[in-house]
Protein chains: 4
Amino acid sequence: MPEQILLEQVVDKVRPLIGSGKVANYIPALGNVDPNKIAIAVTTADGQTVGAGDYLEPFSIQSISKVFSLTLALSLYSEDGIWCRVGKEPSGQSFNSLVQVELERGIPRNPFINAGALVIADLIQARQSAPKHRMLEEVRKLSGNSHICFDKNVANSEFKFSARNASIAYLMKSFGNFEGNVDTVLKSCFHYCSLKMNCADLSKAMFYLANRGKTLQGHQLITPVQTRQLNALLATSGLYDGAGEFAYRVGMPGKSGVGGGIIAVIPGDMSICVWSPELDQNGNSLAGTHMLEHLSQSLGRSIF
Amino acid sequence: MPEQILLEQVVDKVRPLIGSGKVANYIPALGNVDPNKIAIAVTTADGQTVGAGDYLEPFSIQSISKVFSLTLALSLYSEDGIWCRVGKEPSGQSFNSLVQVELERGIPRNPFINAGALVIADLIQARQSAPKHRMLEEVRKLSGNSHICFDKNVANSEFKFSARNASIAYLMKSFGNFEGNVDTVLKSCFHYCSLKMNCADLSKAMFYLANRGKTLQGHQLITPVQTRQLNALLATSGLYDGAGEFAYRVGMPGKSGVGGGIIAVIPGDMSICVWSPELDQNGNSLAGTHMLEHLSQSLGRSIF
Amino acid sequence: MPEQILLEQVVDKVRPLIGSGKVANYIPALGNVDPNKIAIAVTTADGQTVGAGDYLEPFSIQSISKVFSLTLALSLYSEDGIWCRVGKEPSGQSFNSLVQVELERGIPRNPFINAGALVIADLIQARQSAPKHRMLEEVRKLSGNSHICFDKNVANSEFKFSARNASIAYLMKSFGNFEGNVDTVLKSCFHYCSLKMNCADLSKAMFYLANRGKTLQGHQLITPVQTRQLNALLATSGLYDGAGEFAYRVGMPGKSGVGGGIIAVIPGDMSICVWSPELDQNGNSLAGTHMLEHLSQSLGRSIF
Amino acid sequence: MPEQILLEQVVDKVRPLIGSGKVANYIPALGNVDPNKIAIAVTTADGQTVGAGDYLEPFSIQSISKVFSLTLALSLYSEDGIWCRVGKEPSGQSFNSLVQVELERGIPRNPFINAGALVIADLIQARQSAPKHRMLEEVRKLSGNSHICFDKNVANSEFKFSARNASIAYLMKSFGNFEGNVDTVLKSCFHYCSLKMNCADLSKAMFYLANRGKTLQGHQLITPVQTRQLNALLATSGLYDGAGEFAYRVGMPGKSGVGGGIIAVIPGDMSICVWSPELDQNGNSLAGTHMLEHLSQSLGRSIF
């Protein structure tokens, strides 16, 4: 199991890569982050969390929130209730998910592309009177950190530039695969994405993925089978159009966000979170991916 | 570890599904197979092979051969020599790989779609004077069965209906990503696909994928790192447009063929081969997938 | 020049085709039309209008309104002001214009597909305080019929099922090619489409296309060059994905609507309007196209 | 009707545009042409031909030959025999015709895109024992110039770089829409394209398009109806992805070739050929289009 010193070595080894990627700047609120931040945290099977670098500094988790929202949906719906509305296959679209949604008549390829996340948020909205509040509570509980908040500034900024997501939502609506009010669901979605958490929070919160569905607090959040399935989906679709490369180099189920965070899991062993704001051309944290690659090599551990 | 009796239970449980799928019939030579055949074989970490059903009856391995040809290419070329010509990402195209090859300027998404397998065959052809002979020898050695042969009838039949594959090859040639003579490479490719092997042969031959690259005969065929990478590619792209569903249900790296065979691997534990000729709508063996799913559940084992 | 009797012959010849097409029923308000209606009206160079069949019965002009809105835009903007935001090429997309808008970064192919009509409506909205009122006035003036009205029922019904058009508008907005409020522009657009006019009204109103830009009332609505250009656009893009077939069979610039109307023009000679509610597979009036084909053959006139 | 002096004015006015386009250089044999060549020739209703600039200098007619081959096919097959294998619609594909052929299951959109021309050549090959010889004879007869030849150098050079066309042909073959031997048909096609003719030859040869199907020599080559239909197809699909713009600016049915030639027609009035080797971004002669535009404006003539 990784010790503090190993994590520090990983951070030091990868730090020189800072400068090779590009911070997401499609909204100003994200573009202002310090590109020199770099962090890793690991929660091991015994429930201990260790970290290195800026692992206690919160960042915008962005699409990593899609893991939380899918988990929430799994607790609200039957398997069929979810998978008749969203697929389980990698999108394989380097250009754009909108074309796919059109060609496949309103059914997004998987819950981790934007279209899929909107469907999941629509499902949650239909069953929850206060979905944003519920999500915040859940995330605070999972990480044991009651100070976690939404970054309203980021959420509002996303909404201002949400034309593309609105287009996707309306397209799905035209195919009968979107029930709620588009603006309301978009706002929920952007709030989930705007959660600010640090690497320690995230590695703790994701522990259930490494622990057959049981949280750090001992609560069975989802079943072991659901956990296995969720990990499978993360392995094939968690890293946008870089899932194959990530499996090839890192070999762990994972999920990235444009805030520069990536969570990853070795089932039975550990949950991990890395953070470095600069992204590669697929929109995944460049140094973050390298940290996971080094960690995997150092430990000689992966799922393959 | 699975015993004979468990495999027989798996076969018996799944046998009633025969009749729900469709035998591949795009060439007559394939359409003539008996749809009632059903088989499983497992080679465990200690090198023992057990089987049930028709596990000693040879069938057309078809696209399973793409694992052998990629392995051969890995031994002939540097990493860069291969991955500059073919990608590592799931294709995610339910409609067709030709569109993708066009949009991505001649670079196939991964080595397991047709376009990618043609590039791999082109790479082999450029370095091997007698690639078909070499492939046959390799496969005989890996499985320890010197009676394995090409089915010339199937190979010739495929060639007669190869217009679509020729179209893909010429398209890649137009982008500068195909060097050899199209007909020659197509013929090699169809020969690899026409190999007749039984489930026992295949589970033995694929043992290196479960054994960090070392064959059943103790030969280090590829490095442990290459093995891990190959398994990662199989996990994300080995089952056409059903890779996500397969990961979700079975949770093992695998590769299917339209002959109804599927090989799968639990790294460190076992290599498996199942066979049932009827296919699901993604072109993967319907009962075969169910056998793997049951085996995974019975053993409580998967990579997730 | 066609006389009453010729038009009656055309109607009689084509009437047996009623029953071979399909009335548009994506909104109830359109589906309720009597499919047996059939009509033709011609306004000749000397300003006379003759008609046959139900040529005095008003119907929903739908996309024929796109000719009026483009004409209005031509009077409000410079050439560049329009053509930097919408193309002049046939769409050639049998599947869907949304894919094209995505691939061509928010610029619709031409002003007669839905995406293009939305951009034109957006342009009008930016320069007109009361665009719906203005459009109504214009159309009444052009046809000399002050009783022409919007069908509010149709307009509201369209708005209720407008998710797909909203999706297109938001997609263009995401590329910076849509300025106004999406709902407001959609509502204007649906009002234009809901105009109820009869064949006589429409052949009169479109007379300027046959008369070098001068209306029946002697007003120079657009320049002769603009008129020639507008006719050229109608010839290449006026009939959705059936423009080539229409040119081949009818040989006139034209514009169809899903209400079953088609307007067509022989520059210098006449403007024509036909109506029959049942549509062919391209969404153009089936019997309407045949009436134009017969008229063209009878008169020995076309632009080719 | 245009006199010599008008044509000279047109050439002089447009000559300064030389330098703004790009000579086709995908094969060396085409890239060697002198970019300063510029020419126009007109054959009027009375059968007289006048020209200006380099109108007696032969150039590679390239895709203009598709008009001749479609005309030949019209004389060999019934209407249905042709139009069940190729469409009549503009392709509207800025990216590539291969995607369209795939999506529309082997049926090219029209006879003037590469895929369509290959189908037409395949049709001719099936009915003609010596199609290249027949084509040459026909073209010599139509233009009254017995010195017209193929440029074998160009034809062979095209064949050497024909992978993309081979890909398209094999794709259509895979859909059952290509009968002949791919290499043989490609060679015929490239020979047709390699014809060397001058502007006077071409304006004479195309005279039948302006003369209701009757050639300059008084032979009824195709019927008046077929002529009208052919002109309609040229108007909607003759200029690749620039057909809409060409109709808008020039307003005549036309066909361009990458050798820099364009033929155009005002039915009943005249056939025209212009030549200037530099192309615009759609692959049509840049100065050539401008010459036609000026001629149309000067004469106040177009089909609209």
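## What counts as a polar contact

A polar contact is a pair of N or O atoms within 3.5 Å; within protein, one of the two must be able to donate a hydrogen and the other to accept it. With that in hand, let us look at how the chains of this predicted model meet. Between chain A and chain B there are 20 residue pairs in polar contact, both residues having pLDDT 80 or more.

## Who lines the chain A side

Three elements of chain A each give two or more residues to the side that touches chain B: α4 (79-83), α13 (224-237) and α14 (243-249). Of these, α13(A) gives the most, with 7 residues. By character, the residues on this side of chain A divide into 15 nonpolar, 11 polar and 9 charged.

## Extent and charge pairs

In residue terms, 35 residues of chain A are in contact with 35 residues of chain B. Putting these two chains together buries about 3000 Å², and carbon and sulfur atoms give 53% of that area. On the chain A side, the most area is lost by Arg228(A), Tyr248(A) and Phe304(A), which together make up 31% of what that side buries.

There are also 4 salt bridges between chain A and chain B. One of the charge pairs to look for joins Lys88(B) to Glu245(A), with the closest N and O atoms 2.9 Å apart.

## How chains B and D are related

A turn of 180° with a shift of 0.0 Å along the axis lays chain B on chain D, at an RMSD of 0.0 Å. The two copies are therefore related as by a two-fold rotation axis. Within chain B, the residue that comes closest to this axis is Ser167(B), whose C-alpha lies at 2.0 Å.

The interface residues tell a matching story: 100% of those in chain B are also interface residues in chain D, so the copies meet through the same surface.

Technical notes:
Residues numbered from 1 in each chain as written. Chains lettered and ligands numbered in written order. Predicted model: local features only at pLDDT ≥ 70, side-chain atom pairs only at ≥ 80, totals over all residues. Heavy atoms only, no water. Contact = heavy atoms within 4.5 Å. Buried area = accessible area lost by both parts, 1.4 Å probe. Salt bridge = Lys/Arg side-chain N within 4 Å of Asp/Glu carboxyl O. Polar contact = N/O pair within 3.5 Å; in protein donor to acceptor, adjacent residues only side chain to side chain. Helix = DSSP H or I, 4+ residues; strand = E, 2+ residues; numbered from the N terminus. Nonpolar A, V, L, I, M, F, W, Y, C, P; charged D, E, K, R; others polar. Least-squares fit on C-alpha atoms with pLDDT ≥ 70 in both.
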